[in-house]
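Trainee: Could we go through the wording used for this model? I'd like to see what backs up each label.

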Amino acid sequence: MNGWVGENISVLARWIVLLPLLGAAVAGAMALAKVRRGAHWAAIAGVGGAAALSVLIAGGFAGDPDLAMRVAVGEWMPIGIGASFGFYIDGLTAVMLATVTVVSFLIVVYSRGYMREDAGYPRFFALLALFVASMCVLVLADNFLLLYLGWEAVGMCSYLLIGFWYRKPSAANAAVKAFAVNRIGDLGFAIGVLTIVLTLGAAGYGEVFGRVGEWSAGMATLVALLLFCGAVGKSAQLPLYVWLPDAMEGPTPVSALIHAATMVTAGVYMVARCGAIFAASPVALEVVAIVGGLTAIYAATIALAQYDMKRILAYSTISQLGYMFLGVGVLAPAAGVFHLVTHAFFKGLLFLTAGAVMHAMAGEIDIRRIGGLRRIMPVTYGACLVGCLALAGVPPLAGFWSKDEIIGAALHGHPVLGMLAIVTAALTAFYIFRMFFRAFHGELRVPAEAGRHAGEVERWMRWPMALLAAGSVAVGAALGWPVGHGWIERVLEGATAWSGSAGHAAEEGGVSHWFVSGGLTVLALAMVGLAWVLYRGGRGVVERWGVGSGAGRALLRGAYGLVHQKYYVDEVYQAAVVGPLRRLAWGSDATDSSVINGVLYTIAAVPRGLGYGLRLLQRGAVQGYALAGLVVLALMLLAILRLAG
Amino acid sequence: MSQHLLPYIVLSGLIFTVGLVGFVTRRNLIVMFLSSEVMFQAVIIAAVAFGRFHGTLEGQAFVMMLLAVAAAEAAVGLALIIVVFRGRQTLDAETLTEMRG
């Protein structure tokens, strides 16, 4: 990279991490000092500064996309495996940094309005800024141990922010659930990292990726699958996705930032970053693609039957993350990362609009209880429409470009999963417009508790939504045009060289790709139309046709109930994993308190009882002692006389 | 000399018994203290008698030391009794049961 950015990249990269960290420190100090006023400025300045620097770096990469560089910041563990505070900056890093910090910045600004009256105001901004700093460490790391540090730091921030309203039992439980489920994935990830260090004696990306060939095929598969284990937990894929819907208990900006736009994409980033390892193992890539494809369609079906706006969006997020893994798994990492970028914009936007609705409706976002909001919330309505169109994949909005590339590549590399992805795209368009029409169209329905809040939200919340909406419109075409040769492909080319020529499967199709794009567009619009027909009146399918008797109606009700209850997966996990573990814990506890403590108490009881008996002799009467002494003396004399006689 | 040992031992035993019975039965601390002194004298008589019986001087030498120790002990003991009396206005041994286990 040439020019000013290239020369100063070492300083720039440092400040990208340090600015949010400073913001977090200032806001944290204010939280401790119980100062509310102006706490948001610390976070806004820190994250905003990082966003400006990141955009600068990304802009620098536009000039020279092939370049990659290491920035040594400091020594960490001088044990000869390359575990240092070092940054690795290439196209992938630049794209991730820009996405994370820009979306974070807008959401932090939004939080100023959303959290205005919350008691934990400064604490919230301290945690948000800390999260952004951790995420930047994760993305910038040049070795697996620093990556792991960032990985766990974002997990901790996620835990603290899901449980932000810690007095609410459901929020506290959701935080614990997120943390515990992530532990399962992270255990695999940690073992994977340790395996890399043990077998290669190195943790730096450059050395590890250069020496992947030293592994046998089985070893490469093992390492790749262990790493993927961490990605499955962090990015909420089957079977560890269960924490993400519950994570919606946190404040909505947290859902938007951490559980939609940034942290959950860390798994995708990590798999793309470690592509050299995955490319060495066709089996692992196959697993990534299958898990991604299945998760995409599975979560999309659940989203069909949810009523809570944030839950619909949460399952949608799981589904879209599945797309990203599918893209990476079929050797189209650029498409997967592209979808990551566009998804960060439009899903962040959708969550912010859901937050705006929640704000205006006094916490009520059940689409059975609200409706017709376009009349009282025109800005939110417009923003949500843009987000929904982008998610549905309607051209020329952002989601269209990236989703198309993934589906094109999937059809080329894995036709079955490609078909599934097309079905998922149709479901996606349907469920998101089901939410949209029920919430914003039809007759005006506002829950009574909303009261005077019902109306458009304030300036601090409107502007971030407007900017994200602009991003959701523009970012796809700006980065992805022309298809297969867009800015993002050029920037990512060096970082995703491991995928070889297969990464450009989509463009090789030529005519067939345009056929797919056209077909998908028609499909998406058709599903939007279907949703319009079914839901514009504000009533649901089951409410209309599922009432009454008859086998068909009962079947509809049953199927809907099954999906609404999320296929009872939480209950199955509860019975199959949590229940036995809890019983084991009870058993251990009982053993501890009865057997082990029992033995100890018994041993202790012997001297205690002896002492208790002997205590009776100590009567405090001096004459009694004398008498006892006399008796003993007499007996001793008697014994002596006997023995002598 | 040996034929005269028995009466001394008997006398010593009788005096000792008097002291012992007094010590165990009386409740007044001063009387109990006196009784213990009586038992002391019984021991001293026995010591002198045995000394004469064996024709050695150790018995009488020990007696000198015993008398000195007994005098010191009497001073300490009486001082303690006075302190006890000042503290509780009674010398009844039955009431002194604070050390009961």
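Mentor: Let's start with A:P396, which sits in the loop between α17 (378-392) and α18 (398-413) of chain A. Helices are DSSP runs of H or I with at least four residues, strands are runs of E with at least two, and both are numbered from the N terminus. This is a predicted model, so local features need pLDDT of at least 70 and side-chain atom pairs 80 or more, while totals for chains, interfaces and linings use all residues. Residues count from 1 along each chain as its sequence is written, with chains lettered from A and ligands numbered from 1 in the order written.

Trainee: What makes the peptide bond from A:P395 to A:P396 cis?

Mentor: Its omega is near 0°. The bond from A:L238 to A:P239 is cis too, with omega near 0°, and A:P239 falls in the loop between α9 (217-234) and α10 (243-246) of chain A.

Trainee: Back to α17(A): how do you know whether its length agrees with what's expected?

Mentor: The expected span is 1.5 Å times one less than the number of residues. For the 15 residues of α17(A) that gives 21 Å, and the end C-alpha atoms are 21 Å apart, so the two agree.

Trainee: And why is α17(A) called largely enclosed?

Mentor: A residue is buried if 20 or more other C-beta atoms, placed from the backbone, lie within 10 Å of its own, exposed if 12 or fewer do, and partly exposed in between. Eleven of the 15 residues of α17(A) are buried, so the rest of the structure largely encloses this helix. Among the buried ones are A:Y381, A:C384, A:V386 and A:L389. Right after α17(A) comes A:G393, with a positive phi near 85°.

Trainee: Which way does A:L331 go, buried or exposed?

Mentor: A:L331 has 28 C-beta neighbours inside 10 Å, so it counts as buried. It lies in the loop between α15 (309-329) and α16 (333-360) of chain A, and its phi is positive, about 65°, although it is not a glycine. B:Q89 also has a positive phi without being a glycine, about 60°. B:Q89 follows α3 (58-88) of chain B, and with 7 other C-beta atoms within 10 Å it is exposed.

Trainee: Now the helix pairs. Why is α14(A) called roughly parallel to α19(A)?

Mentor: Helix α14 (residues 282-304) and helix α19 (residues 415-440) of chain A pack at about 25°, with their axes 9 Å apart. Those axes are lines fitted to C-alpha atoms over the stretch in contact, and angles run from 0 to 180 degrees between N-to-C directions. Under 35 degrees counts as roughly parallel, over 145 as roughly antiparallel, 65 to 115 as roughly perpendicular and the rest as oblique. That makes α14(A) roughly parallel to α19(A).

Trainee: What about α2(A) and α5(A): how do their axes cross?

Mentor: The axes of helix α2 (residues 9-32) and helix α5 (residues 121-140) of chain A come within 7 Å and cross at roughly 160°. That makes α2(A) roughly antiparallel to α5(A). Contact here means C-beta atoms, placed from the backbone, within 7 Å. Residues making it include A:I16, A:V17 and A:L21 of α2(A) and A:F125, A:L130 and A:V132 of α5(A).

Trainee: What classes of residue make up the contact of α2(A) with α5(A)?

Mentor: There are 19 nonpolar, two polar and one charged. Ala, Val, Leu, Ile, Met, Phe, Trp, Tyr, Cys and Pro count as nonpolar, Asp, Glu, Lys and Arg as charged, and the others, Gly among them, as polar.

Trainee: Last one, α27(A): what makes you say it lies largely in the open?

Mentor: Of its 23 residues, the number buried is zero, so α27(A) lies largely in the open. Helix α27 (residues 622-644) of chain A reaches 33 Å from first C-alpha to last, close to the 33 Å expected. Across chain A, 53% of the 645 residues count as buried.

Trainee: How many residues does each chain put into the contact?

Mentor: Chain A gives ten residues and chain B gives ten. On the chain A side, the largest share, five residues, comes from α27(A). By class, that side has five nonpolar, three polar and two charged residues.

Terms used: Two residues are in contact if their C-beta atoms, placed from the backbone, lie within 7 Å.
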